[in-house]
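This briefing accompanies the structure shown below. Please read each group of points with the model in view.

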Amino acid sequence: LHLEVHSFPTRRSSDLLERGLKNRHIQLIGLGGAIGVGLFLGSATAIELAGPSVLLTYVIGGIAIYFIMRALGELSVAYPVSGAFSAHAARFLGPKWGYLTGWTYWYMWMVTCMAELTAVGIYMNFWYPDLPQWLSALVALCIMTVVNFIAVSAYGEFEFWFALVKICTIIFMIISGIGMIVFGIGNGGIATGIANLWQNGGFFPNGFSGTLMALVMVMYSYLGIEIIGVTAGEAHDPKSTIKKAIDEVFWRILIFYVLSLGVIMSIYPWNEIGHMGSPFVVTFEKLGIAGAADIINIVVITAVLSSCNSGIFSSGRMLYNLSLQGNAPACFQTLNRHRLPWVGILFSAAILLAAVGLNYVMPAELFVYVTSVGSFGALWTWFVILRTQQKFRASLSEEEKEKLTYKMPWAPYSGYITMAFLACVVVASAFREDTRVALYVTPVWFILLFIGYRFVDRGNRAGGAKVVDAVKATANR
């Protein structure tokens with residue numbers, strides 16, 4: 001794209017984030033973002049709701065996520081800036097949209113990390129029952145904060161190895177499970193086959209409503225996959241790496257979610273899985289692997305630490321970009337000698353420290369209210385990504401559209417259909433007690449944001465959209 005940037009304010013290369021994330025980092029960050037704790041533990045609940053048809057929910061949800069990521073990819077390749085969708089929204093939808101999206105995404109990661117850090121304490125108690133949960137959470141938070149302070153490449157390395165642990169575990173389970181299905185390995189030489197997928201009530205044992213309710217949980221399990229866009233501002237070669245990472249999203253989902261759960265439900269009747277604990281633990285135990293519960297506990301802890309690591313990374317970059325837009329204090333633009341937004345990272349870590357402490361003393365109902373907004377933050381972010389892509393494409397001439405090197409397939413119709421799908425997920429969430437509360441609490445969050453927006457310095461905000469172009473122009477030199 002030949003964009004006019006000579007009239008925009010420029011930033012020195014020393015004022016920009018370091019592009020230290022290599023191709024293998026981006027690939028594994030994208031893969032790790034698509035595989036969370038929900039697959040190892042929460043999948044049992046989704047199976048209880050939908051039965052074998054949960055496989056269909058992952059396929060449908062995966063298609064929606066694919067289009068969301070392709071929309072993000074089109075924007076991130078054209079505008080590879082840290083802050084991604086918040087910066088893009090400020091540029092093409094207006095400063096208010098950048099403000100709302102950036103702060104909502106930051107809040108989403110804060111409550112997500114708060115829950116993850118709490119989970120660290122619970123999982124550590126599996127081995128050390130007398131160890132205070134707050135101590136495990138504190139140690140995990142300190143370690144992840146230090147990692148984010150070293151260099152962006154350190155974050156990339158941690159995510160690389162964290163994701164590799166999850167991938168190897170799933171691949172081993174799939175291969176050994178297929179061995180049990182076809183050859184009876186671990187089942188006394190008796191092949192289990194795949195009849196369990198349509199026995200015990202059929203493929204839709206709880207009807208279409210059960211499949212729809214599971215879809216809500218499935219979409220929430222994809223939370224964090226959009227971090228690929230956040231890394232664009234620090235990717236060594238964003239135009240190449242972002243394309244590769246996004247193009248493989250749908251196939252990753254098919255392999256690591258659909259295939260793994262298909263193997264599990266082929267081995268065990270779906271109506272027994274929810275009563276046996278983690279499907280992965282049960283499968284490993286049937287294969288005769290000693291210490292299966294310990295292995296999965298280690299994997300889950302790495303997944304939790306990975307999520308927390310990504311949360312601190314994303315929140316620091318989002319505050320950095322919000323500051324560039326004029327929608328956050330200017331101090332968040334400050335970079336250290338490694339060109340990391342250390343003020344934003346430290347601020348986010350401090351909020352997490354306070355939040356984790358409060359989590360152990362606040363009533364359970366209040367904790368649900370706080371975290372419910374975070375779950376809807378992902379839906380909001382995805383919706384904004386789709387709408388921003390449409391506005392971006394509409395702003396281009398026919399010649400500029402032809403020059404796009406990475407396009408959203410079947411735009412704008414694919415975007416409208418996916419937005420309608422997200423709206424259906426919101427409606428479906430009203431029928432589940434544990435997600436319905438978000439419909440009441442989320443509007444309160446946005447009211448608070450609108451009030452805060454009135455106090456943001458309009459003079460600092462005025463150049464927000466131009467900063468996006470300026471950063472892009474300087475970064476691509």
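Thr101 is buried in this predicted model. The relative accessible area of Thr101 is 0%, and it therefore falls under the 20% limit for a buried residue. The points below begin with this residue and go on to the chain as a whole, its nonpolar cores, a surface patch and some backbone features.

**Thr101 and its surroundings**

- Thr101 belongs to helix 5, which covers residues 95–124.
- The side chain of Thr101 forms a polar contact of 3.4 Å with the side chain of Trp380.
- When neighbours within four places in sequence are left aside, the residues in contact with Thr101 are Phe85, Ser86, Ala89, Trp380 and Val384.

**The chain as a whole**

- The protein chain contains 21 helices and zero strands.
- Of its 477 residues, 58% are buried.
- Among contacts in the chain with a separation of 6 or more, 83% are between residues 24 or more positions apart.
- The chain has an accessible surface of about 18900 Å², and carbon and sulfur atoms account for 67% of this surface.

**Nonpolar cores**

- In soluble globular proteins, nonpolar side chains tend to be buried together.
- The largest nonpolar core has 140 residues, and those that touch the most other members are Ile65, Met219, Tyr222, Met265 and Trp382.
- Helix 5 supplies the largest share of this core, with 17 residues.
- A second core, separate from this one, has seven residues, among them Leu75, Tyr79, Phe92 and Leu396.
- Leaving aside neighbours within four places in sequence, Met265 is in contact with Ile47, Gly51, Pro52, Val54, Leu55, Asn196, Leu197, Trp270 and Ile273.

**A nonpolar patch on the surface**

- A nonpolar patch of about 890 Å² lies on the surface, and its members are Trp134, Leu135, Leu138, Val139, Ile143, Phe158, Leu353, Leu358, Tyr360 and Val361.
- Two or more residues of the patch come from each of helix 6 (133–150) and helix 15 (342–359).
- Helix 6 gives the largest share of the patch, namely five residues.
- Leu353, one of the patch residues, is located in helix 15.
- Leu353 is classed as partly exposed because its relative accessible area of 46% lies between the limits of 20% and 50%.

**Backbone features in loops**

- Most residues other than glycine have a negative phi, and most peptide bonds are trans.
- Arg339 has a positive phi, near 60 degrees, although this residue is not glycine.
- Arg339 is placed in the loop between helix 14 (292–325) and helix 15.
- With a relative accessible area of 30%, Arg339 is partly exposed.
- Trp410 is likewise a residue other than glycine with a positive phi, which is near 55 degrees.
- Trp410 is found in the loop between helix 17 and helix 18.
- The relative accessible area of Trp410 is 64%, which is over the 50% limit, and Trp410 is therefore exposed.
- The peptide bond between Ala411 and Pro412 is cis, with an omega of about 0 degrees.
- Pro412 lies in the loop that runs between helix 17 (398–402) and helix 18 (413–429).

Conventions:
Residues numbered from 1 in each chain as written. Predicted model: local features only at pLDDT ≥ 70, side-chain atom pairs only at ≥ 80, totals over all residues. Heavy atoms only, no water. Helix = DSSP H or I, 4+ residues; strand = E, 2+ residues; numbered from the N terminus. Buried < 20%, exposed > 50% of the residue type's maximum accessible area, 1.4 Å probe, protein only. Polar contact = N/O pair within 3.5 Å; in protein donor to acceptor, adjacent residues only side chain to side chain. Contact = heavy atoms within 4.5 Å. Patch = residues over 30% accessible without salt bridge, like charges linked within 9 Å, V, L, I, M, F, W, Y side chains within 5 Å. Areas by Shrake-Rupley, 256 points an atom, 1.4 Å probe, with all protein chains shown as cover. Salt bridge = Lys/Arg side-chain N within 4 Å of Asp/Glu carboxyl O. Core = buried A, V, L, I, M, F, W, Y, C linked by side-chain atoms within 4.5 Å.
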